[in-house]
Structures are given as C-alpha cells and as structure tokens.
Amino acid sequence: MLSRKASQITPSPTLAIDAKAKQMKSEGIDIIGFGAGEPDFDTPGHIKEAAIAAINEGFTKYTPASGIPELKEAVCDKFLKDNGLRYSPGQVVISNGAKHSLDNVFAALLNEGDEVIIPAPYWVSYPELVKLNDGKPVIVETKEENRYKMDRSNLESAITDRTKAIVLNSPCNPTGQVYSREELQEIADVALKKNIYIVSDEVYEKLTYGGAEHLSIASLGEDIKALTVIVNGVSKTYSMTGWRIGYAASEPKIAAAMSGIQSHATSNPNSIAQKAAYTAITASQDCVEEMRQAFDKRMRYMVDRINKMPYVSCIEPEGAFYLFVNLGETFSRQFRGKPVGDGNNCAALLLEQYRVAVVPGVGFGAPDCTRFSYATSLENITEGMDRLENFLKELV
Ligand SMILES: Cc1ncc(COP(=O)(O)O)c(C=O)c1O
C-alpha cells in the first residue's frame with residue numbers, strides 16, 4: 001500500500017504527450033519539438049573544462065553538505081553585484097538543482113496543512129512540491145489582460161490564518177512575464193502586513209527581453225528580505241540543466257534548517273558540478289548574453305507569426321524561453337469532422353497530424369493555453385510555425 005503522500009501526487013499531464021513525441025521521434029518521424037524546458041545550447045566550453053580539471057585534480061569526494069565555501073562566496077558576490085543583496089555564505093545552501101532547493105525550502109517552512117499561495121499559470125512542480133512537504137497549495141487565478149500577474153486584491157483574497165508562504169516566479173515559466181518594481185512592492189506590502197514568507201524563484205533572471213529588467217523582491221528592503229527565500233541556479237542561465245546545481249539564500253535560521261535537511265536527504269551536490277558552477281558564475285558572462293540574444297530573436301519571430309494566425313494569440317514574453325499561446329478559440333472548431341474539444345486534444349492533433357510537439361496548459365493551471373518553448377533553432381521554429389498555421393487553416 002503506497003503512502004497517502006505518494007497517491008496525492010498528480011502525474012504530469014504533459015508526460016503522455018511527451019512520451020508519444022519521443023516515441024515518434026525514435027521511429028524516425030520528423031517531429032518539431034516546442035516542448036523543451038531547457039536551453040538547446042551546449043554547456044559553454046570553459047565550464048566543461050572546469051569540471052574536467054576538477055576530475056583530474058581528484059576533486060571527487062564528499063564536500064560540505066550545503067556546498068563548497070568558494071561556490072557559496074561566489075553566489076554571495078553574485079547577489080551583491082546583480083541584485084544589490086548582501087548575504088553571508090552561511091545564508092546560502094547549494095543543492096541538486098533549483099527544484100531541490102524548492103523542496104528544501106518547503107521542507108524547512110511547512111507544517112501539515114500550512115497553505116502556500118501559488119499564482120496560476122504556474123510551473124507544474126510547485127503544487128506537487130508543496131503537497132510532498134505536507135502543505136496545501138492555494139491557487140490564485142490571474143488574467144491574461146493583467147499579463148497573468150497576481151496583484152494585491154487577488155493575493156489578499158487568498159490569504160487565511162494558515163497562509164505560510166507565497167510563491168513568486170519572475171520571469172515566469174510558463175507565461176514569460178516579469179513583475180515590475182511597483183507590482184513587487186504591492187506583494188511585499190501584503191506579505192509584510194501578514195507576516196508571510198515569499199519563495200522567490202528567480203531561475204530565469206538573466207533571460208529578459210525588450211527592456212524588461214528582473215528585480216528580486218528581496219531587494220525592496222531589509223524587512224521583506226528577511227521574509228524572502230530566493231531560489232536560483234545555473235541550469236537555465238548557463239545551459240547546465242544536467243549538472244544539477246541550484247541554490248537558495250535566506251535568513252540564517254532557514255538556511256541552517258535547509259542545510260540540516262539536505263545533509264540527511266542527499267549530502268552534498270555533486271563535487272565536480274559545484275566546481276563547474278563556480279566557473280560559470282565567476283567567469284565572463286558573455287556566453288549568457290549570446291544565448292539571450294538568440295532567444296530574443298526567436299521569440300520575436302514566433303510572436304509575430306502567431307499573432308498573424310487565426311484563432312490563436314499570445315502576449316509578448318518579457319523573459320524565460322516560453323510563449324504561452326491562447327488556443328481556446330480552436331476548441332469549438334472542427335478538425336476533419338471532429339471537434340478539437342480541449343487543450344490536450346488540440347496538442348494531440350498537432351502531434352499526430354502535423355508532427356508538432358507542444359505542452360498543453362492544463363498542467364500549468366491554464367487549460368485554454370499551450371506552452372511553446374523557443375529553446376530550439378530558428379530553422380525548426382520556422383518549420384513548426386508553418387505546420388501550426390496549416391493546422392489552423394484546416395479548422396472550420
Ligand atoms: C520556474 C522553474 N523553477 C525551477 C526549475 C528547476 O530548475 P533546476 O534544473 O535548477 O532544478 C525550473 C525548470 O524547469 C523552472 O522552470
């Protein structure tokens with residue numbers, strides 16, 4: 001008999017379509033994949049070299065459970081330089097990816113039944129991570145006309161005596177939206193008034209476009225900094241998804257709790273990957289800018305194409321590498337004599353009939369939308385947009 005926890009976890013609704021896309025690809029079918037949650041670029045050479053050097057130098061043993069001192073120092077320097085935030089190494093915990101950092105945060109903060117406010121559309125793992133740590137996810141709906149952002153009124157209406165934390169993800173996966181200073185201030189004011197923690201997931205911090213600037217909510221003042229746990233990592237910024245290094249910064253007592261939990265759950269993150277992450281963070285950041293510019297160009301092309309097509313629309317992302325496309329109008333249309341019906345079926349038709357893989361929005365708490373990742377080449381994007389357009393032209 002499985003545990004209550006295990007049976008509460010919702011299997012990813014995106015997995016079925018992902019498995020199908022992979023199977024079709026392995027059969028030699030030319031799938032255009034817009035499903036990727038990771039940059040399509042290789043990890044930059046100087047970062048790989050640092051890992052090879054670490055192996056050759058024998059840096060292959062246990063490290064302190066919460067990370068090596070030099071990487072923690074580098075993370076503190078990054079916070080000061082990029083975010084104007086002063087943390088000491090004792091406030092930083094290095095983990096096995098930002099997802100693991102989030103798991104540690106919820107394990108450190110939540111008691112059974114504590115509520116965590118999550119604005120929808122949300123990254124698929126937040127509600128599940130909250131549930132795995134005995135918390136209760138409270139979903140706050142946001143609107144497309146508000147650029148999918150939570151504001152004071154919808155935040156306040158979700159708060160109860162059990163609210164322990166608010167999840168903030170800017171730039172956001174899947175919407176690509178970035179909160180402005182004023183919008184963050186509204187959320188900070190509410191959090192301070194009610195003494196609620198903010199879990200600020202900033203993994204897409206470096207990928208912003210069109211003049212949008214990432215601002216960490218913790219930088220709005222010492223009082224809100226004390227209530228904030230920042231989660232970040234090297235996966236998205238340096239195309240290092242497989243290396244599994246993320247980090248969190250918080251008040252010392254939260255950091256100590258996370259460190260203690262991690263010391264028993266996993267021990268240290270991979271020693272070699274820590275050395276590589278140190279190089280990623282401290283060396284030239286030119287590689288990041290090159291990737292950002294490529295994403296920017298692809299995004300503009302896709303937004304332009306999609307907004308010229310019938311039945312679909314999207315708002316221009318300000319960050320991350322996803323377009324969140326509203327396909328709701330297709331649901332009442334017919335494709336070859338059968339109704340499109342819903343987002344899952346629409347994605348299935350696109351895959352089966354046009355060999356285009358996308359991620360339906362239901363897993364992100366937004367059933368009318370579909371996520372298109374632009375972490376794929378401009379050539380693939382062009383072909384994929386042609387196929388999407390042909391699919392839409394067939395609808396009656
Ligand atoms: C919003 C968000 N947070 C966290 C993560 C996890 O990143 P990592 O690879 O560092 O675990 C992802 C990855 O998809 C993400 O999109």
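The following paragraphs lead through a predicted model, beginning with its ligand and continuing to selected residues in the loops.

The ligand offers a natural starting point. The space that the ligand takes is the largest pocket. Around the ligand stand 13 residues, of which Ala98, Asn173, Asp201, Tyr204 and Lys236 come nearest. By character, the residues of this shell divide into five nonpolar, four polar and four charged.

Several side chains approach oxygen atoms of the ligand. A polar side-chain atom of Asn173 lies 2.8 Å from an oxygen atom of the ligand, and a polar side-chain atom of Tyr204 likewise lies 2.8 Å from a ligand oxygen atom. For Arg244, an N or O atom in the side chain is 2.8 Å from an oxygen atom of the ligand. Taken alone, the ligand exposes 400 Å², and the protein buries 92% of that area.

Two of these residues have further features in the backbone. The peptide bond that leads from Asn173 to Pro174 is cis, with omega near 25 degrees. Pro174 itself is found in the loop between β5 (163–169) and α8 (181–194). Arg244, in turn, has a positive phi of about 65 degrees, although Arg244 is not a glycine. The loop that holds Arg244 runs between β7 (228–233) and β8 (246–249). Because its relative accessibility is 33%, Arg244 counts as partly exposed.

Other loops show comparable backbone features. A cis peptide bond, with omega near 0 degrees, connects Ala120 to Pro121. Pro121 is located in the loop between β3 (115–120) and α6 (125–132). Phi is positive at Arg336, near 45 degrees, in a residue other than glycine. Arg336 belongs to the loop between β11 (334–335) and β12 (338–339). With a relative accessible area of 52%, above the 50% cut-off, Arg336 is therefore exposed.

Two charged residues in loops complete the account. Is Glu205, in the loop between β6 (197–201) and α9 (222–227), buried or exposed? Glu205 is buried, because its relative accessible area is 8% and buried means under 20%. The side chain of Glu205 is joined to that of Asn232 by a polar contact of 3.0 Å. Lys149 is placed in the loop between β4 (136–141) and α7 (152–156). Lys149 has 8% relative accessibility and so counts as buried. A polar contact of 2.9 Å joins the side chain of Lys149 to that of Glu183.

Notes:
Residues numbered from 1 in each chain as written. Predicted model: local features only at pLDDT ≥ 70, side-chain atom pairs only at ≥ 80, totals over all residues. Heavy atoms only, no water. Near = heavy atom within 4 Å. Polar contact = N/O pair within 3.5 Å; in protein donor to acceptor, adjacent residues only side chain to side chain. Areas by Shrake-Rupley, 256 points an atom, 1.4 Å probe, with all protein chains shown as cover. 1 Å grid on protein atoms, 1.4 Å probe; cavity = no way out; pocket = protein on both sides within 12 Å on 5 of 7 lines; lining within 4 Å. Sits in = over half its atoms within 2 Å of the grid points. Buried < 20%, exposed > 50% of the residue type's maximum accessible area, 1.4 Å probe, protein only. Helix = DSSP H or I, 4+ residues; strand = E, 2+ residues; numbered from the N terminus.
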